[in-house]
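Biologist: I want the reasoning behind the labels, not just the labels. Can we go through them one at a time?

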Amino acid sequence: MDRTFQVDLRGIVDLLSHHLYASPRVYVRELLQNAVDAITARRAVDPTAPAAISVEPPDVTGDGTLRVTDTGIGLTEDQVHQFLATIGRSSKRDDLGFARHDFLGQFGIGLLSCFLVADEIRVLTRAADGPAVLWRGYADGRYSVETNGHHRAQVGTTVTLVPRRDAEDWLQRRTVAGLASLYGSLLPFRVEVAGVPISGEGLPWAPGGGAARRERLSEYCRELFGFVPFDVIDLTVPESGLTGVAFVLPTPANPAARAGHRVYLKRMLLAEGAEGVLPPWAFFARCVIDAGELRPTASREALYEDSLLEATREALGDQLRGWLMQLAGRNPRRLGEFLDVHHLGVKALALHDDEMLRLVDRWWPMETNTGRMTLADFRAQHGLIRYSSQLDEFRQIGAVAAAQGLPLVNAGYIYDTEIIERLPQVEPGALIEKVEPGDLTTAFDALEPEVELAKRPFLQLAQRALDRLGCEVVLRAYDPAGVPAMYLTSRSAAFAAELRATRERVDDVWADVLDALARTDEQDRSQLVLNYRNPLVRRVTEIPDADLVRLAVEGLYGQALLLGHHPLRPADAALLNGSFLGLLNKAVGHEE
C-alpha cells in the first residue's frame with residue numbers, strides 16, 4: 001500500500017536557517033515579496049486596484065506581534081488549504097493563471113521562512129466576492145483554517161508573526177525598517193513601516209537630468225560603495241530586462257578579488273554583493289542593476305548560472321568595452337588617466353579581444369630601455385619589437401643593451417608578454433623578437449686577434465677560478481665602459497645550474513638521474529662577460545700573480561651577481577666572502 005511522506009516542519013526550518021538562507025533577516029524579503037506578488041496579481045485583473053504595503057512592528061501593534069498588510073488579490077479558503085499548508089508545491093502564481101515572469105516568487109517556500117523568527121503565523125486574507133479566511137500555522141507543523149467570526153472589509157491579506165522567544169529583536173521597529181528599506185526601497189508600490197514610506201521614488205538611474213543626474217549617481221555610488229566613481233556607465237540588456245549603471249573605481253582594484261555587485265530582481269533586492277555579473281576582466285567596475293528575466297537561486301540571494309546570465313554578462317562586457325572605445329576616440333587624455341589606474345583589466349581583455357589589443361598597442365605606454373612609450377610608437381621608431389619576458393632580466397641587461405643600440409621592451413609585467421606575442425595577429429606587419437640575457441653577447445665587440453691571443457693565459461686562469469660554479473668566462477668589449485662585468489644566463493642555463501646544485505644534495509641513485517638530465521644541457525652555461533673597455537678589467541688581465549687573478553675574478557663575479565639582482569646561492573656567497581677576505585689579506589700584506 002502506498003504511503004505519503006511525513007514532514008518534520010522543525011527540521012525543515014532548521015535546514016532553511018543553516019543551509020539555504022544566510023540569515024533570518026530574509027523573512028522580511030519573503031513577506032514583501034508575497035505582498036508585491038499579490039498586488040501584481042490583482043492589478044493584472046484590475047489595473048486601477050490600490051497598491052500599498054503596510055508593515056506594523058510590535059511597538060505599533062501593541063501586542064508584541066508584527067503585521068504586514070497588502071492590498072493584493074487575497075486567497076479563497078480552498079486556495080489557503082492548497083497553497084499555505086502544502087510544503088514544496090510550486091508557486092501559487094502559476095496555479096492562479098498568471099505568467100511566472102510577472103512575479104518575484106518561484107520556489108513555493110513562501111511563508112515558511114517566517115518560522116525562522118516566529119512560532120506562529122497568522123494569515124487573514126480575503127479574495128474578491130469571498131469571505132475572510134484566517135489561517136494559523138505553528139512551528140510544530142500544525143495549522144488551522146477558520147472562516148467564521150473574522151472580518152476583513154477590503155480585498156487583500158494581513159500576515160501576523162508571533163515571535164519566538166529568542167527572535168524578538170528581529171521584529172523590532174529599527175530592525176524591520178532597516179531590512180524593509182534594504183530589500184524594498186526600489187519597489188514600484190508604496191511600502192510603509194510604522195507609517196513612514198520607504199519606497200516609491202523610482203530607479204536612481206532613471207534617464208534625464210544631464211550633469212545633475214551624474215552628480216546624483218555619484219552620490220548614490222558613494223553611499224552604496226563608499227567611493228566617488230571615476231565615471232558612470234549606463235547599462236541595458238533588453239533580453240534579460242536589465243537596466244542599471246556601472247561605477248568605475250577611482251583607484252586600482254585587486255584582479256584576484258571577486259567583485260560584488262548590487263542586484264535587484266523586479267526591483268526587489270536580491271544581493272548586495274552578487275558575483276559573476278560582469279566578466280572577470282571588468283574588476284575595475286561595480287554595478288547596480290535591476291533585471292526582470294534573470295533567475296535567482298533557491299535562496300534568492302544570488303543569480304542562477306544559466307545561458308541567459310552568460311549572455312547578459314557578455315552584453316554588459318560589450319558595453320564596458322564600448323565605453324573604453326569611446327574614450328579612445330573622444331577623450332584620449334581621460335583614457336590615459338583610466339589606464340594609469342586600471343590597465344590590468346584592459347590588458348586582460350586584450351588577450352582575447354582584438355579591439356582592446358589595438359587600444360593597448362596605441363595608448364598604453366610600456367617600459368623600455370629608451371623610455372616609456374606605446375608599442376605603436378616603439379614600432380614606428382625602431383621597427384622590430386625586441387622584448388624581455390622577465391622583469392629581472394630586463395633590469396640586468398636593459399642599460400647595457402641600450403648602450404649597444406638595442407632598444408628593448410620590458411615585458412615582465414603581467415600580461416605584457418602575451419600582448420606582445422599576440423600583436424602580430426591583429427597587426428600583420430608587426431615584428432617581434434624575444435631576447436634573453438645570453439643573446440646579448442652577440443651584440444658585444446670581439447677583441448682584436450692579437451689582443452685575444454695575448455689574454456688567453458689570463459682567461460685560462462679565470463676559467464679555472466669559476467669552473468666549479470658552472471660559469472664560463474668571456475672577454476668582450478662593450479659600452480658603457482663603467483660596467484666591469486656582466487653575469488648573463490638563460491633559463492636553460494639556470495635550469496642546468498640548478499641540476500648541478502641539486503645533485504650535490506641527493507643520493508647516488510638520484511644523482512645518476514640528474515647527471516643524465518644535465519648532459520642534455522651541458523652546453524648551457526652561464527657567462528661572466530668581462531668588459532675590456534673597463535680600465536680595472538684591463539689591469540686585472542695584466543696581473544702576473546695567479547692567486548691574485550683568481551681572487552679578482554671571483555670578486556668581479558660576485559659584483560656582477562649583485563648588480564644584476566641575481567639570487568646568491570650558498571656557493572656564490574661563500575665565494576664572494578672568500579674573495580673579499582683574500583683581496584683584503586693581499587692588500588694589508590702578511591705579518592712576519
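Modeller: Keep in mind that this is a predicted model. Let us start with the rings. A search of the whole structure finds 10 aromatic pairs. One of them is Phe230 with Phe338, a tilted pair.

Biologist: Why is the pair of Phe230 and Phe338 called tilted?

Modeller: The ring centres of Phe230 and Phe338 are 6.0 Å apart, and the planes make 50 degrees. Pairing needs centres within 6.5 Å; stacked needs an angle under 30 degrees, edge-to-face one over 60. The 50 degrees of Phe230 and Phe338 fits neither, so the pair is tilted.

Biologist: What makes this a link between distant parts of the chain?

Modeller: Phe230 and Phe338 are 108 residues apart. Phe230 lies in the loop between helix 7 (211–225) and strand 9, while Phe338 belongs to helix 9 (residues 332–350). Both are buried.

Biologist: What makes the pair of Phe284 and Phe338 edge-to-face?

Modeller: The angle between the planes is 85 degrees, and edge-to-face starts over 60, so the label follows. The centres are 5.1 Å apart. Phe284 sits in the loop between strand 12 (268–274) and strand 13, 54 residues from Phe338. Phe284 is buried as well. One aromatic cluster takes in Phe230, Trp281, Phe284, Trp323 and Phe338.

Biologist: How do you know that Arg334 lies over the face of Phe230?

Modeller: A charge over a ring must be within 6 Å of the centre and within 35 degrees of the ring normal. Arg334 is at 3.7 Å from the ring centre of Phe230 and lies over its face. Arg372 has its charged end over the ring of Trp364, 5.6 Å from the centre.

Biologist: Now the sheets. Which strands are the edges of the sheet ordered 9-10-13-11-12, and what makes them edges?

Modeller: Strand 9 and strand 12 are the edges, as each pairs on one side only. The sheet is open, with 5 strands and mixed pairing. Its twist averages 15 degrees from one strand to the next.

Biologist: What makes the pairing mixed?

Modeller: Look at the neighbours. Strand 9 (residues 231–237) and strand 10 run antiparallel, joined by 7 bridges. Strand 10 and strand 13 (residues 285–291) are also antiparallel, over 6 bridges. Strand 11 (residues 261–265) and strand 13, however, pair in the parallel sense over 4 bridges. Both senses occur, and the sheet is mixed.

Biologist: Which residues face each other across these strands?

Modeller: Val232 stands opposite Phe247 in strand 10. Val245 has Val288 in strand 13 as its bridge partner. Leu265 stands opposite Ala291, also in strand 13.

Biologist: Why is strand 10 described as largely enclosed?

Modeller: Strand 10 (residues 242–248) has 6 of its 7 residues buried, so the rest of the structure largely encloses it. Helix 7 lies across strand 9, strand 10, strand 11 and strand 13, at about 80 degrees to strand 10.

Biologist: What makes the other sheet, ordered 17-16-18, a parallel one?

Modeller: Its 3 strands pair in the parallel sense. Strand 16 (residues 385–388) and strand 18, for example, are joined that way over 3 bridges. Helix 13 (residues 416–426) packs on this sheet and touches strand 16, strand 17 and strand 18.

Biologist: How do you know that the length of helix 2 (residues 26–45) agrees with its residue count?

Modeller: At 1.5 Å a residue, its 20 residues should span 28 Å. The end C-alpha atoms are 29 Å apart, which agrees. Helix 2 is mostly covered, with 16 of its 20 residues buried.

Biologist: Last one. Why is Leu475 called buried?

Modeller: Its relative accessible area is 4%, and buried means under 20%, so Leu475 qualifies. Leu475 lies in strand 19 (residues 471–476). Beyond its neighbours within four places in sequence, Leu475 is in contact with residues including Leu447, Leu459 and Tyr532. Leu475 and Tyr532 are 57 residues apart in sequence, yet 6.5 Å apart in space, C-alpha to C-alpha.

Technical notes: Residues are numbered from 1 along each chain as its sequence is written. This is a predicted model: local features need pLDDT of at least 70, side-chain atom pairs count only at pLDDT 80 or more; totals for chains, interfaces and linings use all residues. Side-chain values use heavy atoms; hydrogens and water are left out. Two strands pair if DSSP finds at least two bridges between them. Helices (H or I, at least four residues) and strands (E, at least two) are DSSP runs, numbered from the N terminus. Contact means heavy atoms within 4.5 Å. Axes are lines fitted to C-alpha atoms, for helices over the stretch in contact, and angles run from 0 to 180 degrees between N-to-C directions. Buried means under 20% relative accessible area, exposed over 50%, partly exposed in between (1.4 Å probe, protein chains only). The expected span of a helix is 1.5 Å times one less than its number of residues.
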